[in-house]
Amino acid sequence: GDEIPVSHLPIGGVTPMGLSNNEKKTQAAEVPEVDMDKCTQCNYCSLVCPHGVIRPFLLDQMTYDIAPATLQASKATSSEQAGHYFRIQVSAADCTGCEVCVKTCPDDALRMVTQAEAVDLKHEEHWDFLRALPVREDLMKVDSVKGSQMQQPLLEFSAACAGCGETPYVKLMTQMFGDRMVIANATGCSSIWGNPYGSSPYTVRDSDGKGPAWQNSLFEDNAEFGFGMAQSTQQRRHQLHKNIGNLLKTTEIDDVPQLRGRLNQWYEKWQSAGTCNMLQNEIPPLLEEAKQAGAKSMCFNNVYDNKDMFIKTSQWIVGGDGWAYDIGFGGLDHVVASGMDVNIIVLDTEAYSNTGGQKSKSTPGGSVAKFAMGGKERQKKNLGEICMSYGNVYVASIAMGANMTQTVKALAQAEEYDGPSVILAYAPCIEFKNMTQTVKALAQAEEYDG
């Protein structure tokens, strides 16, 4: 590193995506192995995995016929996946050995094996074969536990602690919205594992190269930072909508018959994520045809120059409880009160995790943390009720281990809601030890709160 001149670094601090896939640390002494005879294909293991190293794969008959002889798969049980074989596979070289998947599996279908056994079981060969296959993301809806995990995770192999409670939520978000996701990330644990320079865990889809855009801001202004992103996108999309309305009143684009229909469809459904996802690929080539055919008015050029805005961006503001409850609370409150269509997720570890586990305003009363070794003297700040007091904010509290279905549904509803949404996601931290029991801790916390 000392020999690399500054002139060789990317201009503007842009980091290439998916670099964590190159590391293959092989850091775990033991990794999970699946028994496909016991597996009921629930995908719970994939959902809770902090590092995206255990995943479901689908193989059609032809592919299964040429698969390694040691690769065992079962016939897919979901009607949407009829005609396919189903396999759960672990990347032994990327696994941290946290055992969260093993403790979560309701079928006792996972067990820990040594790295030497993983070699004998052909983990690497199986993983490489399965990852080279097309990901069948079109067969199931993303707003279910199983369906969400059939999507390629666009957060993988991060440097987060083994058993991290934060990364499963963000990984899930990338599976549900990652192809159109823009993230403003507060400084903290999520910015450290989110983009250590030279090892970016955010990546892009195999199918089309699309993935989340991510940028880090400071503790004190991340909400405002994300708000500015959302304001800019909203203004540009409103202007594009207006310009398309004016363009449709002319005959300038009639040389390309399909273009008028597609633009009219977008004009009427421009706030529909599904419609915009489809049209973002269809309209730009038609605009290019129109330009070649002689379209050159100012109105046309304004549409042409802003064709990156056909997509309905999913704007997320991400940070921990130290940001949301304490240092960045003023900005978060301002953004929520604005009524802007932004999504906020608070990765609530109930302490300042990145700096060593100091108490925050999210730490429950009586809890032992640094600066509260005798037990915190005040109750936890009720951020949810504060946000709900505005009357137009979608608020949900989620704990993946307590209710996986509710976790997925809340994220889907928050993203769809036309207005500010706040998700309070309880995320156990290694500061409180025994991360193999992350999911159990989440369930116990929900029972206690109840």
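1. In this predicted model, the lining of the second largest pocket is made up, by class, of nine nonpolar, 12 polar and 10 charged residues. The lining comprises 31 residues, and those that lie nearest the centre of the pocket are R180, Q271, A273, K312 and E415. The volume of this second largest pocket comes to about 800 Å³. Two or more lining residues come from each of helix 7, helix 9 (222-247), helix 11 (273-292), strand 8 and helix 16.

2. Turning to the interior, the largest nonpolar core contains 36 residues, and within it the most contacts are made by Y169, M173, W193, W316, I345, L411 and I423. At least two residues of this core are supplied by each of helix 1 (44-48), helix 7 (167-177), strand 6 (181-186), strand 8 (314-320), strand 9 (343-348), strand 10 (394-398), helix 16 (404-416) and strand 11 (421-426). Another core, of 35 residues, lies apart from the largest one, and M36, F57, A92 and F129 are among its members. As general background, nonpolar side chains in soluble globular proteins tend to be buried together.

3. W193, one of the residues with the most contacts inside the largest core, deserves a separate look. When its neighbours within four places in sequence are left aside, W193 is in contact with L155, S158, A159, A160, C164, E166, T167, V170, P201, Y202 and L347.

4. On the cysteines, the structure holds zero disulfides. For C42, the closest cysteine sulfur is that of C105, and the two sulfurs do not form a bond because the 6.0 Å between them is too far, the cut-off for a disulfide being 2.5 Å. C387, for its part, is buried, with a relative accessible area of 2%.

5. Two backbone angles may be worth checking by eye. E99 is not a glycine, yet has a positive phi of about 75°; this residue is found in the loop between strand 4 (84-90) and helix 3 (100-104). With a relative accessible area of 24%, E99 is partly exposed, since that class begins where the buried class, under 20%, ends.

6. The other angle belongs to E350, a residue other than glycine whose phi is also positive, near 65°. E350 is found in the loop between strand 9 and helix 15 (383-388). Is E350 buried or exposed? At 16% relative accessibility, E350 counts as buried, because the cut-off for that class is under 20%.

Definitions and conventions: Residues numbered from 1 in each chain as written. Predicted model: local features only at pLDDT ≥ 70, side-chain atom pairs only at ≥ 80, totals over all residues. Heavy atoms only, no water. Core = buried A, V, L, I, M, F, W, Y, C linked by side-chain atoms within 4.5 Å. Buried < 20%, exposed > 50% of the residue type's maximum accessible area, 1.4 Å probe, protein only. Helix = DSSP H or I, 4+ residues; strand = E, 2+ residues; numbered from the N terminus. Contact = heavy atoms within 4.5 Å. 1 Å grid on protein atoms, 1.4 Å probe; cavity = no way out; pocket = protein on both sides within 12 Å on 5 of 7 lines; lining within 4 Å. Points joined across faces, edges and corners; volume = space filled by probe spheres on them. Nonpolar A, V, L, I, M, F, W, Y, C, P; charged D, E, K, R; others polar.
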